[in-house]
Amino acid sequence: MGTVRIGLWQGIQGILSEWHGNSSVLTDLERTILFSIRLPRALFAGIVGASLSLAGVVFQALLRNPLADPYILGISGGSAVGAMAGIIIGAGALTLGTAGFAFLGALVTIFLVLGIAGRGRVIQSTTLLLSGVIINAFFSALIMILIAISSNADLHNVMFWLMGDLSVASRPEMLAAAFFLLLGFVVIYGYGRALNLITTGEETAMQLGVNVESAKRRLLVTASLVTAAAVSMSGIIGFVGLMIPHMMRMTVGPDHRLLLPAATLFGASFLALADTIARTAMAPTELPVGVITALCGAPYFIFLLRRRVF
Amino acid sequence: MKTVRADEVGFRYTDAWVLRDVSFGIEPGEVIGIIGPNGSGKTTLLKALDGILAPQEGQVLLEGVDIRTLRRSAIARSIAVVPQEVPFIFPFRVEEIVAMGRSPHMGRLTFEGRRDLEIVREVMATTGIETLADRRIFDLSGGERQLVWVARALAQQPRIMLLDEFTAFLDIRHQIVLFELIRRLNEEKGLTVVVVTHDMNLASQYAHRIILLNGGRIHALGRPGEIITESNLKEVYKADVLVDSNPITGLPRVTLIGHPSERGSRLETGAAPQL
């Protein structure tokens, strides 16, 4: 589906026939659009959706806060500042330029937040939340300064980045995001049972044999890196990391050994679908995918709040 | 060898010492009651015994080993804690919560095996909560929840159980049910028990020995008859109590009277209490 019509069935046939090495089903133009634009884009949306959902589950469990999302520690703000700085000084022309700067911004944020909250041996969840809020506020101010001083041409790119944009992914970007997602999932899944226990209180988790401080530190860093990788490639796509964990908890239950894979897979499909809607709803104009996720997410979240299901 | 030994334990959160010079040993199979006024260090002592807080002075020995050198999972296989309340934010089912008690016995990536599930069923039967297995934790009453925490602690198959004011919010029937359960586990399975409680009558009735804490120090330590005395309680709690003997068990029984000065003045003037 898209501005150039390739039917669903035709698409599937096309993919299958390419697999078998005969290319009679699609024209050259259609083949190029399908394999160089649409499939990679759907794949990229999937990687980003999976990363955000996975990180969302971890942050909600670690902070024992159902309202937590992957951006709660200010990673979004940090990478936004990085990305904007990159766009303004013209790094967008380089491979991984904007994304690289965004990732750097996210890394700085992670160090800042963990540094503020992790003074001494113990990381306090409330301190962590508060320092995230403060860092986010600080970065918002920086973002506004950068918007104020940037030229019109840059401003367009900046706004697109801030609203979340899945169209610009290059192959190295996708590989990098996929790498962080895979590695992150492996590390986080190893803490599945520990996450269950931590949601019932850190002291309880210790009493049940979890080395809470080391688990928390590793999980925070891992989930932050997964978030940072996704955000710096795609821009700020809201609600996915907040909503998908709740939807999956209602479906498969709160046991993280099931919840983590479920949220990761469903997050991938959800964002790929949302992106498809964003591309086609007002074709040929593309909506930012963040618009679709927020339009679905906000009402759903109000519904959750009213039902108090968490 | 003592099951748990505190050796001149001193602990402070910030400047003021919350525990100081606390030394005692617990025999295997003993039931120890810890009583004392608010802020006397009862809960802190319990956390030090479990290795959750690291004392700045002295040490805690678990079966002869400095508890600081043990991994959390190793401690959790010996010591289980029954809390007053657990802050659940996600809708776990009762059976899932009890199964969490198996955690210290499980490998990192494994799910509960047949043996684990057997143990979970067993402890749910022991605590009488089989029928609650599929209920969500949010839908239970305070007494039912407390039974769930006890079941989870039992699923750890501990040798020592620490209970922190676990009957504080319960009605008298649930208090008795839980204390009788603890007594049965102690007598039948040789479980060592340490109970922090404000209820001196329950402590007197169920504990073999009682530690009376005051201002972070051990004021007195001994059998209920030696500890629960009018002079001890008056000195530590600054409140007048009547201690006589329970007509059924012969153990000390505490009746609250009132604040010494108020009571004195009322008696002198002969005024009836205002209602």
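How many residues does the contact take from chain A and from chain B? In this predicted model, chain A gives 22 residues to the contact and chain B gives 22 residues. On the side of chain A that touches chain B, helix H8 (192-199) and helix H9 (202-207) of chain A each supply at least two residues. By character, the residues on this side of chain A fall into 7 nonpolar, 9 polar and 6 charged.

A good place to continue the tour is the sheet of chain B. Here 6 strands form an open sheet, in the order E6-E7-E8-E3-E9-E10, and the pairing is mixed. Strand E6 (79-82) and E10 of chain B are the edge strands, each pairing on one side only. On average, neighbouring strands of the sheet are turned by 15 degrees against each other, with direction ignored.

Beginning from the E6 edge, E6(B) runs parallel to strand E7 (residues 160-164) of chain B, and 4 bridges join the two. Within this pair, B:Ile79 has B:Ile160 in E7(B) as its bridge partner. Helix H5 (residues 142-155) of chain B packs on the sheet, where it touches E6 and E7 of chain B. The direction of this helix makes about 175 degrees with that of E6(B).

Further along the sheet, strand E3 (residues 31-35) of chain B and strand E9 (residues 209-214) of chain B run parallel and are joined by 4 bridges. In this pairing, B:Leu212 in E9(B) is the bridge partner of B:Ile35. E9(B) also pairs with strand E10 (residues 217-222) of chain B, this time in the antiparallel sense and over 5 bridges. One facing pair there is B:Leu213 and B:Ile218, the latter in E10(B). E9(B) and E10(B) form a hairpin, with 2 residues between them. In the turn, B:Gly215 has a positive phi of about 55 degrees. As a general point on such elements, side chains in a regular strand alternate between the two faces of the sheet.

Back in chain A, one residue invites a closer look. A:Met174 lies in helix H7 (residues 171-189) of chain A. Why does A:Met174 count as partly exposed? The residue is placed in this class because it has 17 C-beta neighbours inside 10 Å, whereas a buried residue would need 20 or more and an exposed one 12 or fewer. A:Met174 and A:Leu208 are 34 residues apart along the chain, and their C-alpha atoms are separated by 40 Å.

Conventions: Residues numbered from 1 in each chain as written. Chains lettered and ligands numbered in written order. Predicted model: local features only at pLDDT ≥ 70, side-chain atom pairs only at ≥ 80, totals over all residues. Contact = placed C-beta atoms within 7 Å. Nonpolar A, V, L, I, M, F, W, Y, C, P; charged D, E, K, R; others polar. Pairing = 2+ DSSP bridges. Axes fitted to C-alpha atoms, helices over the stretch in contact; angles between N-to-C directions.
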